[in-house]
Amino acid sequence: MSVKYIPVQWNSNKYLYDLVMLCGVALFLYVFLYAAPGLLSHERPINPQVHNARAFGACAFVMLTVILCIGPLARLDTRFLPLLYNRRHFGVMTVFVALTHASYIVDWYFAFSMSDKYEALLFANTSYGQLQGFPFEAFGIFALIVLIILAATSHDFWMKFLTPPVWKRIHYLIYPAYLSVVAHVSFGVLQDQQNHVFTAIFLAGATAVGGLHLVAALAERRRAPAPAADTAEWIDICDLSQMREGFAKIRLLPEGDRVAVFLHEGRLSAISNACAHQNGPLGEGRIIDCLVTCPWHGFQYDVRTGRSPAPFTEKVPTYALRLSGSTVQVDPRANPPGTPVEPVPVSGSGTAEAGV
Ligand code: HEM
Ligand code: FES
């Protein structure tokens, strides 16, 4: 929790995550450059500068692909969640790899140009009207600019300064950036290739990103069925027998938000699943003395009020609940953040409702 902005602490998990990533990048570059140059390079003889550019470009593409697969994988299977928590480090490292790719290109292809090499990059080829020889570098430049903006604003300070909704909207630019990389490679590199190993890696990566997003969206839709006609306003969460003391059930609501319904000391409470800090999954947090601790960075909220304990001031929306027979139901209209809701005791039978 924070009164104002507090930096998120480094811990052993983050060091391990970064170490594994660095080893992965080193291994990829080693395989590309030394272990299997014939397998991954193009057929035309190339100099080391271009070979390095290709290695770093391909590595940045693979890293970006993995980053975009982590989100849907974590939604499909909670075992992938640890990969999600430190995804920003992954993104920042990808920018450095992509920048190295771009600098090799600029320093080699445009170094001997009559004009400034950056001007030459922009104006050497302006044949935008034709497919063959299309200036595919433009797509790479767009993607690189987006990646730099995302990395520069990834720090918690910017999250606080811009507010989480604006920050999140900016970070959705990752999707146009990925499409732009796909266009960058499709329009440029793949056109004059005889060796199809990279093409296969590229197609598999792009298909995995698209396919996983689709599968995760469909799975979520199946898990959150439309409300029944006779309970138009109330959404079924689960049967009471499925709730475990101290744990939550997380459900997607029709408007796209997720609710976390907790059973604590024999009473039910519901708050938004999205932490006010960085949208961490509150429903996966542990609950002690009515306080749920966000698994990402430890912010805490009272499940009855959605408020952080004093002196902290963070708030998340709460939801009204009721029991219909043994079915736990939630009113999908969120209460304003921090609105107290009386918990629903589970011992009674029939329809018991929580009043706001
Ligand atoms: C200023 C930005 C960029 C420029 C000027 C640029 C330019 C180029 C050029 C000229 C090539 C062809 C190299 C050759 O085979 O001779 C290339 C290949 C490639 N680029 Fe970029 N690029 C940029 C940014 C990016 C970014 C941001 C990514 C990915 C995140 C990327 C991924 C790739 C990939 C995967 C290849 C193919 C590598 C291979 O042949 O195996 N590029 N780029
Ligand atoms: S504490 Fe950081 S997302 Fe919840």
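This passage describes the helix packing, aromatic contacts and selected backbone features of a predicted model.

The protein chain contains eleven helices and twelve strands. Of its 356 residues, 42% are classed as buried. When contacts between residues at least 6 apart in sequence are considered, 57% of them link residues at least 24 apart.

Two packed helices are described by the angle between their axes and the distance between the axes. For helix α3 (residues 48–76) and helix α10 (residues 174–187), the axes approach to within 11 Å and cross at roughly 140°. The crossing of α3 and α10 has a left-handed sense. On the α3 side the contact is formed by F61, L64, T65 and L68, and on the α10 side by I174, Y175, Y178 and V181. By residue class, the contact of α3 with α10 comprises seven nonpolar residues, one polar residue and no charged residue. F61 and Y178, which both take part in this helix contact, also belong to one aromatic cluster together with F202.

The aromatic pairs in the model number nine. A pair of aromatic rings is described by the distance of the centres and the angle of the planes. The ring centres of F157 and W158 are 5.3 Å apart with the planes at 80°, and the pair is therefore edge-to-face. F157 also pairs with F161, in this case in a stacked arrangement, with 5.6 Å from centre to centre and 15° between the planes. Because F157 and F161 are four residues apart in helix α8 (residues 156–162), about one helical turn separates them. With regard to solvent accessibility, F157 is partly exposed at a relative accessible area of 38%, and W158 is likewise partly exposed at 30%. F161, by contrast, has a relative accessibility of 56% and therefore counts as exposed, the threshold being over 50%. A further ring interaction involves a charge: the charged end of R244 is placed over the ring of F247, at 4.1 Å from the ring centre.

In helix α5 (residues 87–109), which includes I105, the relative accessible area of I105 is 19%; this residue is therefore buried, as the value is under 20%. The C-alpha atoms of I105 and L121 are separated by 9.3 Å, the two residues being 16 apart along the chain.

Another set of features centres on H264 and its contacts. H264 is part of strand β3 (residues 258–264) and is buried, with a relative accessible area of 10%. Apart from neighbours within four places in sequence, H264 contacts E245, I287, D289 and C290. Of these contacts, D289 is located in the loop between β5 (286–288) and β6 (291–293), and C290 is found in the loop between β5 and β6 as well. Each has a positive phi in a residue other than glycine: the value is near 50° for D289 and near 65° for C290. The accessibilities of these loop residues fall into opposite classes, since D289 is exposed at a relative accessible area of 62%, whereas C290 is buried at 10%.

A further backbone feature is the cis peptide bond that joins A310 and P311, for which omega is about 10°. P311 lies in the loop between β7 (300–302) and β8 (318–319).

Conventions: Residues are numbered from 1 along each chain as its sequence is written. Chains are lettered from A and ligands numbered from 1 in the order in which they are written. This is a predicted model: local features need pLDDT of at least 70, side-chain atom pairs count only at pLDDT 80 or more; totals for chains, interfaces and linings use all residues. Side-chain values use heavy atoms; hydrogens and water are left out. Axes are lines fitted to C-alpha atoms, for helices over the stretch in contact, and angles run from 0 to 180 degrees between N-to-C directions. Helices (H or I, at least four residues) and strands (E, at least two) are DSSP runs, numbered from the N terminus. A crossing is left-handed if the near helix is turned anticlockwise from the far one by less than a right angle, and right-handed if clockwise. Contact means heavy atoms within 4.5 Å. Ala, Val, Leu, Ile, Met, Phe, Trp, Tyr, Cys and Pro count as nonpolar, Asp, Glu, Lys and Arg as charged, and the others, Gly among them, as polar. Rings of Phe, Tyr and Trp (its six-membered ring) pair if their centres lie within 6.5 Å; planes under 30 degrees apart count as stacked, over 60 as edge-to-face and the rest as tilted. Buried means under 20% relative accessible area, exposed over 50%, partly exposed in between (1.4 Å probe, protein chains only). A charge sits over a ring if NZ of Lys or CZ of Arg is within 6 Å of the ring centre and within 35 degrees of the ring normal.
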